[in-house]
Amino acid sequence: MSVLSGSSYQSSQIKKMINPNHNISHSVEVLERLFTECNLFDEIRESFGSPFNHIFYKKDGEEVIVIGLNKSNYYMKLSGYKWNLAHFLSLPIEIEFVMEKTLSWKLMNLGNVETSQIGKAMKLSMESSPNLQHLMKYILLIIRAYVSKASFLNESADQLKELVLEHFWKGELSVISQLYEKSTQSKSEQYNQFINKWEERLSYSTEIDADQLSSAMDIGTTELNNLIKTIQVYLNQSLNKYIHSIKNLWFEEELLQDEGKFLDTVDEIRSMILFTKEFHKDMDGLFYEEKTERKPMEDESMNEAEPEMGLSAFLYQHPNSIQSIRFLTKSDIFEGDPTLNINEKSLDQLASYIANGNKNKKEYMNLLRIIFNKSNTRGFTVKSIVKTFFMSKYDNEMERKDFEQRHDVKRLFVKSTLENVFETLKDKLKELNIIKEELSILNSKQQEKISFNYNYQIYDHD
């Protein structure tokens, strides 16, 4: 990614090298002038890619808007809940919610829309001073969108009949009974109850056409559960920031001198905190889980092992895809540099889950502990450091003999076996999105940087 030399699309390398058609270039220039008028950015960066090249508009180091464009089309991503998407829903565009570093909406196929309409919608969508109520409305719209698009919440009667006939001809009568039970309880019921309650409480109601939403938003139960849990973390973090800001009351001398006004302000703050906590708690009821029979002992052990605030159900549900467990850096969840200590019980659970009964559980625990601890300060570490510390774990005679016995390897081959185990385990952690590995220039040389996914909660926060 590079900084634009002239701080505008006009002087960008993208315009010079890609040379988009006149309508696309004109639209981007008009929108950029609007961004300037509204003081939306103080920095612009660009990057090349396929099928879209990107221009990033940032304010105080935070991404506000991204424009992705090629020769014949462009899209725009609006980051954060200062944007009220409702004003874009009447435009003939495709919309997609994306959760990367923050909550964002992606507006696609903008090349088919008059630039003046887009500009008008942008002006109307900007919240002058976004607060917790704006955030809850934003989340409500996200949930309504997924309820409109997710096919598992909208199975038709015809689909149910097809399933019944399929299992009937196979003689699977017990499955038909289960289908009947499921059909009598609407899967979308808890979502609709949540939406109806909070549209009334927030005085906010917006209709969304499912055909306008990207097919990428048609996700399964596990992905939707994990998404909602991640959004809950974002809401909780925003609530904590709000609570932290209350200390400023004690420095407002004029307010402190007016007891009545001060008490009214405190009451308003208390009401907002309780209101937000109720919204957060009601989101717990959205997690749809298939009911399956389990043995009593199995149920008890799972309840015992479940982390108190796990962000992902990685231990108890198999995700539909690796991408369903989102990658969150330390800065995505925490402000400042809090002290995070490994919760040994949670680490043991995660290692057991990954190892799935094989002999590498202890090695997974060692590797995860090293990566987490070494990346605790900067949010990342490097492969060479991790490998050195991993290998040195087995310099201890007791550890080495234990490794030899578990892996049935002679002492002469311990080092080479450890090197192979290290690479195998590291690749598995990457596959499960527990770590991310990327080449970076660190200390004036190219190194393999390893980052830990804090969505896997194996830590306690002091």
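The exercises below, each with a worked solution, concern a predicted model of one protein.

**Exercise 1. Describe the overall make-up of the model and say where its coordinates call for caution.**

Begin with the secondary structure of the protein, which comes to 17 helices and 12 strands. Turn next to burial: of the 462 residues in the protein, 47% are buried, and the accessible surface comes to about 25400 Å², with 48% of that area belonging to carbon and sulfur atoms. For the contacts, consider those with a separation of 6 or more, of which 67% are accounted for by residues 24 or more positions apart. Finally, examine the confidence: the average pLDDT is 81, and 83% of the residues score at least 70. Over residues 290–323, however, pLDDT stays under 50, and for these residues the model has 53 contacts beyond four places in sequence. Where pLDDT is low, the predicted coordinates should not be read in detail.

**Exercise 2. Determine which parts of the chain are linked by the salt bridges of glutamate 207 and arginine 201, and classify the exposure of each partner.**

A search of the whole structure finds 24 salt bridges. One of them joins glutamate 207 to arginine 144, with the closest N and O atoms 3.9 Å apart, a distance that falls inside the 4 Å cut-off. Glutamate 207 lies in the loop between helix H7 (189–202) and helix H8 (221–245), whereas arginine 144 belongs to helix H4 (residues 132–149), so that the pair, 63 residues apart, links distant parts of the chain. Glutamate 207 has a relative accessible area of 61% and is exposed, while arginine 144, at 16% relative accessibility, counts as buried because the cut-off for burial is under 20%.

For the second pair, arginine 201 and glutamate 278 meet through their side chains in a salt bridge of 3.1 Å, N to O. Here too distant parts of the chain are linked, with arginine 201 in helix H7 and glutamate 278 in helix H10 (residues 259–284), 77 residues apart. Arginine 201 is partly exposed at a relative accessible area of 35%, and glutamate 278 is partly exposed at 28%.

**Exercise 3. Explain the placement of glutamate 404 relative to arginine 400, and then identify a network of salt bridges.**

The side chains of glutamate 404 and arginine 400 form a salt bridge with an N to O distance of 3.0 Å. Both residues lie in helix H16 (residues 397–407), and because they are four residues apart, about one helical turn separates them. Glutamate 404 and arginine 400 are both buried. Elsewhere, salt bridges with shared partners join Lys383, Glu423, Lys426, Asp427, Lys430, Glu437 and Glu448 into one network.

**Exercise 4. Work out how strand S6 is paired and how well it is covered.**

Strand S6 (residues 94–99) pairs with strand S7 (residues 103–108) in the antiparallel sense, over six bridges. The two strands form a hairpin, with three residues between them. Within this pairing, phenylalanine 97 has tryptophan 105 in S7 as its bridge partner. As for cover, five of the six residues of S6 are buried, which leaves the strand mostly covered.

**Exercise 5. Locate a nonpolar surface patch and place phenylalanine 251 within the chain.**

Trp250, Phe251 and Leu256 make a nonpolar surface patch of about 390 Å². Phenylalanine 251 lies in the loop between H8 and helix H9 (253–256). With a relative accessible area of 66%, phenylalanine 251 is exposed, since the cut-off for that class is over 50%.

Key. Residues are numbered from 1 along each chain as its sequence is written. This is a predicted model: local features need pLDDT of at least 70, side-chain atom pairs count only at pLDDT 80 or more; totals for chains, interfaces and linings use all residues. Side-chain values use heavy atoms; hydrogens and water are left out. Buried means under 20% relative accessible area, exposed over 50%, partly exposed in between (1.4 Å probe, protein chains only). Patches are made of residues with over 30% relative accessible area and no salt bridge: like charges are joined within 9 Å, nonpolar side chains (Val, Leu, Ile, Met, Phe, Trp, Tyr) within 5 Å. Accessible areas come from the Shrake-Rupley method with a 1.4 Å probe; for residues, only the protein chains shown count as cover. Two strands pair if DSSP finds at least two bridges between them. pLDDT is the predictor's confidence in each residue, from 0 to 100. Contact means heavy atoms within 4.5 Å.
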